[in-house]
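With the model open in a viewer, please follow the stops below in order, making each selection before reading on.

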Amino acid sequence: MPEKTQQKGTEQEKIIKANEIDPHFKYEISKVPGAKKIMMCFQCGTCTADCPIARFSDSYRPRKLMRMTQLGLKDRVLSSDNIWLCAACFTCVDHCPQDVEISSILRALRNMAVKEGVMPVVFRDLSSNILKTGYAYMIPASRLRKREEQGLPPLPKASLESLAKLSEVTGFSKLLKKKKEEKADD
Amino acid sequence: MTELKYLLFLGCIIPYRINSYEISTRKVAKKLGIELVEMPDFNCCGLPIDPVSHDMMLTLAARNLCLAEQQNLNIMTLCTGCGGTLLKVNETLKHDKNLKEKVNGYLKEIGLEFKGTIKSNISFKCFWKTLDLKK
């Protein structure tokens, strides 16, 4: 039985051409820490059945993403919006009979998508907030005043120089710049 | 290392949205006789940017753990996200030598080194342990 999403897709989307398939993609993913067991998935569908996101989404199916990764549909997986829908609740990881760490594999896919230049806006904001203040969220001045009124000690400050240096050596700042350049091109 | 002294890791979301959680934690800690030390320096635990760069997330979490190692204190986290991240990164780096080497390579740039001498726990687990000790 074809899945709901497949019925909805156009004829073009259904056809997989052999030149789309990258046979090394699964090995590339399995090298990432935590994503070793991608080849263990035997498509039982427990992850999709238990997924709280799949229950409310028409397109997010973890099983399908695992199969696409195994097959090597690199471009389709990395450009898909679906890989960004996982909420990392780890229900699939807990229930998987083959111990596949689906959340970690999705994280690996996301990391790879970012390297290709795909990054949702929210992660850009969070990243720039961390580099600017050390906190993932900009804490407004009214909050800080309220802290004082409540008798709480002042918030610890972040050492921004070391954060900038770390983002430089881990290649994090490069990833952020990548998207910016692309945006300028648009 | 005493069990009654912890480095308090606030996280980002607690000062941003849920001050009440911090206040109640401080009150409970006081009642149990736990001393809470403020972080000398803080950065986000890294969880929000895990999808962007796993390496950066590991490094950010390891940096917080290093700061606690310098003071020789265990970490008490409030937010479950930070708690999970610090706990997981701490355990992973303790057992995975290759990953530890990689992260230490990054941390060397700012003069820190992850040794794996401390523990990180979420607040209620710390309270639980203290109650067990007092029995």
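Begin in chain B with α3(B) and α5(B), two helices that are roughly perpendicular to each other, because an angle from 65 to 115 degrees counts as such and their axes cross at roughly 75 degrees. The model on screen is a predicted one, and every stop on this tour should be read with that in mind. Helix α5 of chain B covers residues 97-107, and its axis comes within 10 Å of that of α3(B). To see the contact itself, select L58(B), T59(B), A62(B), R63(B) and C66(B) on the α3(B) side, and then V103(B), Y106(B) and L107(B) on the α5(B) side. Coloured by class, this contact of α3(B) with α5(B) shows six nonpolar residues, one polar residue and one charged residue.

Keep α3(B), residues 54-71, on display and add helix α4 of chain B, residues 80-95. Here the two helices pack at an angle of about 90 degrees, and their axes lie 9 Å apart, so that α3(B) and α4(B) are likewise described as roughly perpendicular to each other. The residues to pick out in α3(B) are L58(B), A61(B), A62(B), N64(B) and L65(B), which meet T85(B), L86(B), V89(B), N90(B) and L93(B) in α4(B). The contact of α3(B) with α4(B) is made up of seven nonpolar and three polar residues, with no charged ones.

While α4(B) is still selected, centre on G81(B), which is found in this helix. G81(B) counts as partly exposed, because 17 C-beta neighbours lie inside 10 Å. If you draw a distance from its C-alpha atom to that of Y21(B), 60 residues apart along the chain, the separation is 14 Å.

Next, select the largest nonpolar core, a set of 76 residues, in which I102(A), I105(A), Y6(B), L7(B), F9(B), A61(B) and A62(B) touch the most other members. Which element supplies the largest share of this core? The answer is α3(B), the helix from which the tour set out, with ten residues. The core also draws at least three residues from each of domain 1 and domain 2 of chain A. From this core, zoom in on I105(A), which touches I29(A), A35(A), I38(A) and T69(A) when residues up to four places away in sequence are not counted.

Now show the whole of chain A, which has 13 helices and zero strands. Of its 186 residues, 30% count as buried. Among the contacts in chain A between residues at least 6 apart in sequence, 68% join residues at least 24 apart. Colour chain A by its domain assignment, with domain 1 at 4-115 and domain 2 at 121-185; the centres of these domains, taken over C-alpha atoms, are separated by 30 Å.

Bring chain B back into view and select the contact between the chains, which takes 34 residues from chain A and 28 residues from chain B. On the side of chain A that touches chain B, the elements giving two or more residues are α9 (102-115), α10 (121-133), α11 (141-149), α12 (160-169) and α13 (172-185). Of these, α12(A) gives the most, with six residues. By class, this side of chain A divides into 20 nonpolar, eight polar and six charged residues.

The remaining stops are single residues of chain A, beginning with two that stand out by their backbone angles. Most residues other than glycine have a negative phi. F90(A), in the loop between α7 (74-79) and α8 (91-95) of chain A, has instead a positive phi near 70 degrees. F90(A) counts as partly exposed because it has 14 C-beta neighbours inside 10 Å. Move on to D99(A), in the loop between α8 and α9 of chain A, where phi is again positive, at about 60 degrees, although the residue is not a glycine. Is D99(A) buried or exposed? D99(A) is exposed, because 8 other C-beta atoms lie within 10 Å.

Finish at Y27(A), which is found in helix α3 of chain A, residues 25-30. Y27(A) counts as exposed, because it has 12 C-beta neighbours inside 10 Å. As a last selection, add M39(A), twelve residues apart from Y27(A) along the chain, and the C-alpha atoms of this pair are separated by 8.8 Å.

Technical notes:
Residues numbered from 1 in each chain as written. Chains lettered and ligands numbered in written order. Predicted model: local features only at pLDDT ≥ 70, side-chain atom pairs only at ≥ 80, totals over all residues. Axes fitted to C-alpha atoms, helices over the stretch in contact; angles between N-to-C directions. Helix = DSSP H or I, 4+ residues; strand = E, 2+ residues; numbered from the N terminus. Parallel < 35°, antiparallel > 145°, perpendicular 65-115°, else oblique. Contact = placed C-beta atoms within 7 Å. Nonpolar A, V, L, I, M, F, W, Y, C, P; charged D, E, K, R; others polar. Domains from an automatic or database assignment. Buried ≥ 20, exposed ≤ 12 C-beta atoms within 10 Å, placed from the backbone. Core = buried A, V, L, I, M, F, W, Y, C linked by C-beta atoms within 7 Å.
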